[in-house]
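Please look over the sequence and the three-dimensional model shown below before reading on. The report that follows moves from strands to the core, then to a helix and a ligand, and ends with some loops.

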Amino acid sequence: MWFITNQTPKRNHKGHQHHGPHDHHTNEVKTKKSGTRKIKVVKRVLDANDMMADRMRTVFNDKKVFVLNMMSSPGSGKTTTLEKTLARIMPDLNCAVIVGDICTTQDADRLAKSGAPVIQINTDAFGGDCHLAAHVVEKAVANLNLDTIDLLIVENIGNLVCPAEFDIGEDKRVVVLSVTEGEDKPAKYPLMFRECNATLLNKTDLLPYLDFDMDLVRTSIGKIHPGMPIFEISAKTEDGFDQWIGWLVGNVKEKLGM
Ligand SMILES: Nc1nc2c(ncn2[C@@H]2O[C@H](COP(=O)(O)OP(=O)(O)O)[C@@H](O)[C@H]2O)c(=O)[nH]1
Ligand SMILES: [Mg+2]
């Protein structure tokens with residue numbers, strides 16, 4: 001397992017390197033005094049990120065690596081889903097994982113048990129960046145031998161907002177929403193659901209204990225992103241895994257011509 005932290009000294013008081021703390025949250029907000037300027041700065045940050053992500057995408061395409069970006073709020077079950085997913089697909093596909101957290105290597109330790117190479121990124125030295133940006137992922141990728149990898153999975157930092165704004169050169173994006181979070185979350189955080197290619201509705205084993213309205217959440221997601229596949233899964237019991245893994249492996253094999 002590799003472990004990466006950003007060595008660049010903090011610049012802003014929250015440590016975001018390229019821009020003011022959480023400026024990328026405010027790209028729709030105009031303040032009387034400095035709104036226009038702020039928007040320009042945010043745009044430049046995102047343009048620079050997109051350029052780097054495109055460069056990485058070219059490398060991933062040349063090396064025939066499929067990249068999956070997995071996002072969600074903290075605790076919805078990304079790591080558990082990946083543990084179970086890797087156990088099922090590793091015999092057929094050569095996998096590697098990059099996992100982002102603000103602190104600790106706990107997820108990397110869990111995922112390394114799969115036998116896949118795992119790189120943990122900690123953003124604490126940035127002041128705790130709430131997403132993985134392309135330049136950080138590029139650093140992690142430099143520690144992997146892409147010639148030996150079919151599928152690179154990136155477990156993004158737990159956050160339903162910021163990671164959706166940052167392209168990291170991935171082929172597909174999935175969002176995990178656990179049923180314990182409530183059916184209102186897609187409507188409250190629409191960008192994430194608009195930007196993703198599939199939704200995993202996790203922890204369905206807990207449905208008997210909740211008032212979660214499955215029809216309502218499906219309708220809500222359908223309005224934000226019509227036609228996006230929605231997989232009802234339980235990472236605990238592996239219910240629904242055949243469909244989810246079928247979608248993932250199908251996409252990987254299509255890109256790799258397998
Ligand atoms: N009951 C139940 N618990 C789950 C499921 N998936 C994850 N968990 C639990 O939810 C907690 C957070 O899971 P984790 O995979 O670490 O979430 P992450 O923060 O998104 O990576 C852990 O205690 C898991 O055991 C599930 O499908 N059912
Ligand atoms: Mg995790």
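How many of the five residues of strand 4 (residues 118–122) are buried? Five of the five are buried, so strand 4 is largely enclosed by the rest of the structure. Here a residue counts as buried if 20 or more other C-beta atoms lie within 10 Å of its own, as exposed if 12 or fewer do, and as partly exposed in between, with C-beta atoms placed from the backbone. Strands (E, at least two residues) and helices (H or I, at least four residues) are DSSP runs, numbered from the N terminus.

This is a predicted model, in which local features need pLDDT of at least 70 and side-chain atom pairs count only at pLDDT 80 or more, while totals for chains, interfaces and linings use all residues. Residues are numbered from 1 along each chain as its sequence is written, and chains are lettered from A and ligands numbered from 1 in the order in which they are written.

**The chain and its strands**

The chain holds eight helices and eight strands, and buried residues make up 41% of its 258 residues. If one takes the contacts between residues at least 6 apart in sequence, 75% of them join residues at least 24 apart; two residues are in contact if their C-beta atoms, placed from the backbone, lie within 7 Å.

In strand 4, the residues V118, Q120 and N122 point one way and I119 and I121 the other way, and all are buried. Strand 2 (66–72) is mostly covered as well, with seven of its seven residues buried. From strand 2, F66, L68, M70 and S72 point one way, whereas V67, N69 and M71 point the other way. Strand 7 (residues 198–202) is also mostly covered, and four of its five residues are buried.

The table gives several strand pairs; two strands pair if DSSP finds at least two bridges between them.

| Strands | Direction | Bridges | One pair of partners |
|---|---|---|---|
| Strand 2 and strand 5 (residues 151–155) | parallel | five bridges | M70 and E155 |
| Strand 2 and strand 6 (residues 172–178) | parallel | five bridges | M70 and V174 |
| Strand 3 (95–101) and strand 4 | parallel | five bridges | I98 and I119 |
| Strand 6 and strand 7 | parallel | five bridges | L177 and L201 |
| Strand 7 and strand 8 (residues 230–232) | parallel | three bridges | L200 and F231 |

M70 thus appears twice, standing opposite E155 in strand 5 and having V174 as its bridge partner in strand 6.

**The nonpolar core**

A nonpolar core is a set of buried Ala, Val, Leu, Ile, Met, Phe, Trp, Tyr and Cys residues joined through C-beta atoms within 7 Å. The largest such core has 60 residues, and V97 and V154 are those with the most contacts inside it. When its neighbours within four places in sequence are left aside, V97 is in contact with L82, L111, A116, V118, I153 and E155.

**Helix 2 and ligand 1**

L82 is one of the buried residues of helix 2, and the others are K78, T79, T81, K84, T85, L86 and I89. The 12 residues of helix 2 should span 16 Å at 1.5 Å a residue, and this agrees with its end C-alpha atoms, which are 16 Å apart; the expected span is 1.5 Å times one less than the number of residues.

Helix 2 (residues 78–89) also gives the most to the shell around ligand 1, with three residues. A residue is near a molecule if its C-beta atom, placed from the backbone, lies within 6 Å of it. There are 16 residues around ligand 1, of which G77, K78, T79, T80 and K236 come nearest. The shell divides into three nonpolar, nine polar and four charged residues.

**Loops**

L93 is found in the loop between helix 2 and strand 3, where it is partly exposed, with 19 other C-beta atoms within 10 Å. Although L93 and V252 are 159 residues apart in sequence, they are 9.0 Å apart in space, C-alpha to C-alpha.

Most residues other than glycine have a negative phi. K64, however, has a positive phi of about 55 degrees although it is not a glycine, and this residue lies in the loop between helix 1 (35–62) and strand 2. T104, in the loop between strand 3 and helix 3 (106–112), likewise has a positive phi, of about 75 degrees. K64 is partly exposed, with 14 other C-beta atoms within 10 Å, whereas T104 is exposed, with 11.

Conventions:
Ala, Val, Leu, Ile, Met, Phe, Trp, Tyr, Cys and Pro count as nonpolar, Asp, Glu, Lys and Arg as charged, and the others, Gly among them, as polar.
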